[in-house]
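Let's take a friendly walk through a protein model. Have the sequence and the 3D view ready, and look up each residue as we come to it.

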Amino acid sequence: MSCPRCGSREVMLTPVGEYVCKKCGHRWAMPSVDYTWIELDVKKAKLFEKYIDSPIESCEELLSLLLKELDEESARYLAAKILLQRAERRRMTPAELKKLYDNAESCFK
Ligand SMILES: [Zn+2]
């Protein structure tokens with residue numbers, strides 16, 4: 001971190017979350033960190049755990065539940081991920097797999 005006014009690296013952080021330049025005395029606010037994407041990732045991971053073992057087979061149904069918590073793009077992606085992950089957890093015949101993959105693909109339509 002360096003002072004945006006004079007470029008000095010002698011900068012200190014005040015207890016109120018402000019930076020103060022020791023050289024020119026310029027003060028500026030600490031850039032706020034955007035945690036939204038982290039929250040979204042945590043939310044997705046929780047939803048994934050919640051629905052991975054659920055008996056819901058239909059993408060439509062799964063999607064309608066996920067859409068209550070996520071935006072559409074994330075919901076579709078997660079629904080497909082859950083359905084495909086289930087396929088890997090179970091021992092399925094190629095025909096069953098095909099059906100499941102088709103179902104998962106329909107999540108994106
Ligand atoms: Zn300065």
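## How confident is the model?

This is a predicted model, and its chain has an average pLDDT of 87. A score of at least 70 is reached by 97% of the residues.

Confidence varies between the elements of the chain. Strand β2, residues 18–21, has the highest mean pLDDT, at 92. The lowest mean, 82, belongs to helix α4, which covers residues 94–106.

## Two domains

The domain assignment divides the chain into domain 1 (1–32) and domain 2 (36–106). How many Å separate the centres of domain 1 and domain 2? Taken over C-alpha atoms, the answer is 46 Å.

Now try following a pair of residues in the 3D view. T14 sits in the loop that runs between β1 (11–13) and β2. T14 counts as buried because its relative accessible area is 14%, and the cut-off for buried is under 20%. From T14 to K43 there are 29 residues along the chain, and their C-alpha atoms are separated by 33 Å.

A second pair begins with E49, a residue of helix α1. E49 is exposed, with a relative accessible area of 52%. E49 and A104 are 55 residues apart in sequence, while 17 Å lie between them in space, C-alpha to C-alpha.

## A region from the record

UniProt, in an unreviewed entry, places a "coiled-coil region" at residues 56–90. In this model, the span 56–90 is 74% helix and 0% strand. The C-alpha atoms at the two ends of the span lie 15 Å apart.

## Three salt bridges

The count of salt bridges comes to three. One of them joins R27 and E18, whose closest N and O atoms are 2.8 Å apart. Is E18 buried, partly exposed or exposed? With a relative accessibility of 27%, E18 counts as partly exposed.

Another salt bridge links E72 with R76, and here the closest N and O atoms are 2.8 Å apart. Both residues belong to helix α3 (residues 72–89), and because they are four residues apart, about one helical turn separates them. E72 is partly exposed at 44% relative accessible area, whereas R76 is buried at 19%. The value for R76 is 19%, so it falls on the buried side of the 20% cut-off.

K98 and D102 also form a salt bridge, with 2.8 Å between the closest N and O atoms. These partners lie in helix α4, and being four residues apart, K98 and D102 are separated by about one helical turn. K98 counts as exposed, at 52% relative accessibility, and D102 as partly exposed, at 37%.

## A nonpolar patch on the surface

Which residues form a nonpolar patch on the surface? They are Y35, W37, I38 and V42, and together they have about 430 Å² of accessible area.

Let's pick one member and look at its setting. I38 has its place in helix α1, which covers residues 36–52. Because its relative accessibility is 35%, I38 counts as partly exposed. Helix α1 is also where E49 is found, so you can locate both residues on one helix.

Definitions and conventions. Residues numbered from 1 in each chain as written. Predicted model: local features only at pLDDT ≥ 70, side-chain atom pairs only at ≥ 80, totals over all residues. Heavy atoms only, no water. Patch = residues over 30% accessible without salt bridge, like charges linked within 9 Å, V, L, I, M, F, W, Y side chains within 5 Å. Areas by Shrake-Rupley, 256 points an atom, 1.4 Å probe, with all protein chains shown as cover. Salt bridge = Lys/Arg side-chain N within 4 Å of Asp/Glu carboxyl O. Buried < 20%, exposed > 50% of the residue type's maximum accessible area, 1.4 Å probe, protein only. pLDDT = per-residue confidence, 0-100. Domains from an automatic or database assignment. UniProt positions renumbered as here; feature names shortened; annotations may be inferred.
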